[in-house]
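Q: I have a model open and want to read its features one by one. Where do we start?

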Amino acid sequence: MRDECCGFGGMFAVEEQAVSRRMGIDKIRRHIATGAEYVTGPDSSCLMHMQGIAEKERLPIKFIHVAQILSAGL
């Protein structure tokens, strides 16, 4: 679901690390299932959370902030 939390939520990720990680993995896998190569959005903390999980799990998806896309003129 596009409006489901990535699991970061500031202190939530620290206090409920296992739940936070599982939420992130679930969200990333749903993105991958669509065939997406990139995930974009305006929230740096969500993107960094998911990118960290994806790199650690060696999942085949990349993350880019919407401002990076706009600044590149794409």
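A: Start with the naming of elements. Helices and strands are DSSP runs, numbered from the N terminus. This is a predicted model. With those labels, the largest pocket can be placed: α2 (17-33), β1 (38-41) and α3 (44-57) each give at least two residues to its lining.

Q: What volume does the largest pocket have, and which residues lie nearest its centre?

A: The volume is about 150 Å³. Twelve residues line the pocket, and K27, T40, G41, C46 and M50 lie nearest its centre.

Q: How does the lining of the largest pocket divide by class?

A: The lining has six nonpolar residues, three polar ones and three charged ones.

Q: How do I read the packing of two helices, and at what angle do the axes of α2 and α3 cross?

A: Take the angle between the axes first. Angles of 65 to 115 degrees count as roughly perpendicular. Here the axes of α2 and α3 cross at roughly 80° and come within 9 Å. Therefore α2 is roughly perpendicular to α3.

Q: Which residues of α2 meet which residues of α3?

A: From α2 come S20, R21, G24, I25, K27, I28 and H31. They meet H49, M50, I53, A54, K56 and E57 in α3. By class, the residues of this contact divide into five nonpolar, four polar and four charged.

Q: Now single residues. Is S20 buried or exposed?

A: Compare the relative accessible area with the cut-off. Buried means under 20%. S20 has a relative accessible area of 1%, so S20 is buried. This residue sits in helix α2.

Q: What does S20 touch, leaving out residues up to four places away in sequence?

A: S20 touches C6, G7, F8, F12, A13 and H49. H49 belongs to the α3 side of the helix contact.

Q: M23 is also found in helix α2. How does M23 count by accessibility?

A: Values between the buried and exposed cut-offs, 20% and 50%, count as partly exposed. M23 has 22% relative accessibility, so M23 is partly exposed. Beyond four places in sequence, M23 touches C5, C6, G7 and F12. The C-alpha atoms of M23 and P60 are separated by 17 Å, with their positions 37 residues apart along the chain as the separation.

Q: And I32, how does it count, and what does I32 touch?

A: I32 lies in helix α2. Its relative accessibility is 25%, so I32 is partly exposed. Not counting residues up to four places away in sequence, I32 touches L59, P60 and I61. I32 and A18 are 14 residues apart in sequence and 21 Å apart in space, C-alpha to C-alpha.

Q: Which backbone angle should I check at R58?

A: Check phi. R58 has a positive phi of about 55°, although R58 is not a glycine. The residue sits in the loop between α3 and β2 (62-65). With 77% relative accessibility, R58 counts as exposed.

Q: Last, F63 in strand β2. Is F63 buried or exposed?

A: F63 is buried, because its relative accessible area is 13%, and buried means under 20%.

Q: How far is F63 from Y38 in sequence and in space?

A: Sequence distance and spatial distance are separate readings. F63 and Y38 are 25 residues apart in sequence and 5.4 Å apart in space, C-alpha to C-alpha.

Q: Which residues does F63 touch, not counting those up to four places away in sequence?

A: F63 touches I28, V39, L47, M50, Q51 and A54. Two names return here: I28 is among the α2 residues that meet α3, and M50 is one of the residues nearest the centre of the largest pocket.

How values were computed
Residues numbered from 1 in each chain as written. Predicted model: local features only at pLDDT ≥ 70, side-chain atom pairs only at ≥ 80, totals over all residues. Heavy atoms only, no water. 1 Å grid on protein atoms, 1.4 Å probe; cavity = no way out; pocket = protein on both sides within 12 Å on 5 of 7 lines; lining within 4 Å. Points joined across faces, edges and corners; volume = space filled by probe spheres on them. Helix = DSSP H or I, 4+ residues; strand = E, 2+ residues; numbered from the N terminus. Nonpolar A, V, L, I, M, F, W, Y, C, P; charged D, E, K, R; others polar. Axes fitted to C-alpha atoms, helices over the stretch in contact; angles between N-to-C directions. Parallel < 35°, antiparallel > 145°, perpendicular 65-115°, else oblique. Contact = heavy atoms within 4.5 Å. Buried < 20%, exposed > 50% of the residue type's maximum accessible area, 1.4 Å probe, protein only.
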